[in-house]
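Work through the exercises below with the sequence and the structure open beside you, and try each task before reading its solution.

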Amino acid sequence: MAATRRSSRLSSQAAKAQEPEAMPPPPPPSRPAAKRKAPSGAASPGPTTPVKKRRAPIPAPPPLTPTPSAVGIIAEPAAKMGKAPNAFVNRLAHPEASNATLLSPETSRVVAQRQADAVSPSKAPAKRTTTDNLLKVACDYLISVDERMRPLVEKNHCRIFSPEGLAEQIDPFESLASGIISQQVSGAAAKSIKAKFVSLFDESRFPHPSEVAACSIERLRTAGLSQRKAEYVKGLAEKFCNGDLSAELLRDAPYEEVFERLIAVRGLGKWSVEMFACFGLKRMDVFSVGDLGVQRGMAAFVGRDVAKLKAKGGGKWKYMSEKDMEEIASKFAPYRSVFMWYMWRVEETDISTME
């Protein structure tokens, strides 16, 4: 009996050995691990952001600077188009006086000036400075002070102080009002507004101060003037009407008095007055330390690499300090206006050969 059970067990084990081995069951699909909750009181980490490579900041370009071309509207009369050129008149000139041919704003007549030929030969100096030779006298002096001025003078003709430039008739009220109109707008916009302003009165000429003073602010604004500019132009007209300003005063008074009278007018800043004195009154000894173009030109003139100069703190560009500018320019008095004009032209002229 026992032998029979043993034989049956052995036969069963042999049969199992001959059966193929069963494949293991496939593993269950994996599930994403559950996020663990942060313990209470612990700050949860924020989403991570890929770190971006920092690029070097691009330096801002220097601000646009008023130049002789930008202030052309100051010395450009409204009735210039189609008008015959003014005849050259050889007049006495002086580096410390106004040398422009000025018009009376209220009558549009030329303010009488003494002609060179009218001076008695016995009272005339041995070498007279006239409107005919004023520019040459000034340029010769600049070169005598610094030989580096020679290529600037030889390449660039300074028309505003030439005989033809001094023959242009300048209405001081028109020049100053045009300067106010052109503030903070493009040259094209300034010309458009000026044309509309003139058309409010008489299109054949610029309005007289009395006409503008009698005009309402609302009507002046229809020409495209802002409220403030309309007030400034009207206030300027009133100054000419009440005698605070006149062509005679602007011609004969010392520059210090002219500057104080003009800077007291609302809407006329230091730069505007300096540009009018230079381009409008044709004064020979005006110098503006606040003009970025002059500042940049002077830095290049003394040998600085202006391309490598960057804005100082607060984004204010400074190619040269006012103190240095005044110190250098002082050597060229009483012809600093001409020196200033040539500083606008430095980067257009190769002066390296004179260093």
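**Exercise 1.** In this predicted model, determine whether S108 is buried, exposed or partly exposed, and do likewise for K282.

*Solution.* Begin with S108, whose relative accessibility is 36%; buried requires under 20% and exposed over 50%, so S108 counts as partly exposed. S108 is found in the loop between β1 (101-102) and α2 (134-145), and its phi is near 65°, a positive value in a residue other than glycine. Turn next to K282, which lies in the loop between α12 (270-280) and α13 (292-301) and has a positive phi near 60°. At 1% relative accessibility, K282 counts as buried.

**Exercise 2.** Classify the ring pair formed by F197 and F206, and then the pair formed by Y255 and F259.

*Solution.* The structure holds 11 aromatic pairs. For F197 and F206, the ring centres are 5.6 Å apart and the planes stand at 40°, so this pair is tilted. F197 is buried at 0% relative accessibility, and F206 is buried at 4%. For Y255 and F259, the centres are 6.2 Å apart and the planes stand at 55°, so this pair is tilted. Y255 and F259 both lie in helix α11 (residues 255-263), 4 residues apart, which is about one turn of the helix.

**Exercise 3.** Find the aromatic ring over whose face R219 lies, and name the members of the aromatic cluster that includes F201.

*Solution.* R219 lies over the face of F201, at 5.8 Å from the ring centre. F201 forms one aromatic cluster with F173, F197, F206 and F240.

Technical notes: Residues numbered from 1 in each chain as written. Predicted model: local features only at pLDDT ≥ 70, side-chain atom pairs only at ≥ 80, totals over all residues. Heavy atoms only, no water. Helix = DSSP H or I, 4+ residues; strand = E, 2+ residues; numbered from the N terminus. Buried < 20%, exposed > 50% of the residue type's maximum accessible area, 1.4 Å probe, protein only. Phe/Tyr/Trp six-rings, centres within 6.5 Å; stacked < 30°, edge-to-face > 60°. Lys NZ or Arg CZ within 6 Å of the ring centre and 35° of its normal.
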